[in-house]
Amino acid sequence: MNTKNNKRKRESMQKIEQVLIEFLQTKELNQISVSDICKKADLNRSTFYANYVDIFELADTIREKLEAEVSELFKDEITEGFNSNNYLVLFQHIRENQIFYRTYFKLGYDEEYKIWQYDYNLAKKHFGDRFIEYHIEFFKSGLNRIIKIWLQNGCKETPEEMFEIIKSEYRGREEFFADK
């Protein structure tokens, strides 16, 4: 294959993806056309269609890239089957890639896909089989909401402060219920 063409194709795809992300900061996906993207990217429609079936496939490509990046952050844990609960790495990645996470949430992928995995075995260890699905969903939804608020506020707090918030929620769980 011609390396020059591969480079050109990659550059075109990056341009198209970047333009969609930019548009999504002010518009909904259904308000963006292929023509809008091509005009702003200064590319032909044929270039778009040579790489993507439609805007939805383009959005899915962006989602897949972000999910792959997050998986890469925790690849050792996934490979070795343990959970360090080190969300600091995640918060650092979010701060460095805010626009991608805003796009991910805006497209509603957090409802359909979860970019962070919950360690079912760890939850089972702490909670047994009692209401474990509720606990997992509570944690995932809570984490998603905290991240959304943090992004809406421009990530003012440091990743370390956000990690402390998550850790304090875990520490506070036993103390809260001990008083009841």
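Asp-42 is placed in the loop between α2 (34-41) and α3 (45-51). The model that shows this is a predicted one. Asp-42 is not a glycine, yet its phi is positive, at about 60°. Most residues other than glycine have a negative phi. Asp-42 also counts as exposed, at 65% relative accessibility.

Cys-155 makes a useful companion to this residue. Its phi is near 55°, again a positive value in a residue other than glycine. Cys-155 is found in the loop between α10 and α11 (159-178). Asp-42 is exposed, whereas Cys-155 is buried, with a relative accessible area of 2%. Cys-38 counts as buried too, at 5% relative accessibility. The structure holds zero disulfides. No pair of cysteine sulfur atoms therefore lies within 2.5 Å.

The overall fold comes next. The secondary structure of the chain amounts to eleven helices and zero strands. Read from the N terminus on, the elements run α-α-α-α-α-α-α-α-α-α-α. The chain has 180 residues, and 36% of them count as buried. Contacts in the chain with a separation of 6 or more were also examined. Of these, 61% are accounted for by residues 24 or more positions apart.

Leu-107 gives one case of residues brought together across the sequence. Leu-107 has its place in the loop between α7 (98-106) and α8 (109-112). Leu-29 is 78 residues away from Leu-107 along the chain. The C-alpha atoms of the two are separated by 7.5 Å. Leu-107 touches Leu-29, and also Leu-24 and Ala-59. Residues up to four places away in sequence are not counted here.

Two helix crossings involve α6. In one of them, the axes of α6 and α10 come within 11 Å. These axes cross at roughly 35°. The crossing of α6 and α10 is right-handed. On the α6 side, the contact is made by Tyr-87, Leu-90, Phe-91, Ile-94 and Arg-95. On the α10 side, Phe-139, Leu-143, Ile-147, Trp-150 and Leu-151 take part.

The other crossing brings in helix α4 (residues 55-73). The axes of α4 and α6 come within 10 Å and cross at roughly 145°. This crossing is right-handed. From α4, the residues that meet α6 are Leu-66, Glu-69, Val-70 and Leu-73. Their partners in α6 are Val-89, Leu-90 and His-93. Leu-90 thus has a part in the contact with α10 and in the contact with α4.

Aromatic rings were then searched for pairs. A pair of aromatic rings is described by the distance of the centres and the angle of the planes. A search of the whole structure finds seven aromatic pairs. One of them joins Phe-48 and Tyr-52, with 5.5 Å from centre to centre and 45° between the planes. This pair is tilted. Phe-48 is buried, with a relative accessible area of 0%. Tyr-52 is buried as well, at 2% relative accessibility. The two residues also belong to a cluster, in which ring pairs link Phe-48, Tyr-49 and Tyr-52.

Tyr-87 and Phe-139 form another pair. Their ring centres are 5.7 Å apart and their planes stand at 50°, so this pair is tilted. Tyr-87 lies in helix α6 (residues 87-96), and Phe-139 lies in helix α10 (residues 132-152). The pair therefore ties together parts that are 52 residues apart in sequence. Both residues also appear in the contact between α6 and α10. Tyr-87 is buried, with a relative accessible area of 7%. Phe-139 is buried at 12%.

Charged side chains meet aromatic rings at two further places. The charged end of Lys-40 sits over the ring of Phe-23, at 5.5 Å from the ring centre. The charged end of Arg-63 sits over the ring of Tyr-109, at 5.4 Å from the ring centre.

Methods: Residues numbered from 1 in each chain as written. Predicted model: local features only at pLDDT ≥ 70, side-chain atom pairs only at ≥ 80, totals over all residues. Heavy atoms only, no water. Phe/Tyr/Trp six-rings, centres within 6.5 Å; stacked < 30°, edge-to-face > 60°. Buried < 20%, exposed > 50% of the residue type's maximum accessible area, 1.4 Å probe, protein only. Helix = DSSP H or I, 4+ residues; strand = E, 2+ residues; numbered from the N terminus. Lys NZ or Arg CZ within 6 Å of the ring centre and 35° of its normal. Axes fitted to C-alpha atoms, helices over the stretch in contact; angles between N-to-C directions. Left-handed = near helix turned anticlockwise from the far one by under 90°. Contact = heavy atoms within 4.5 Å.
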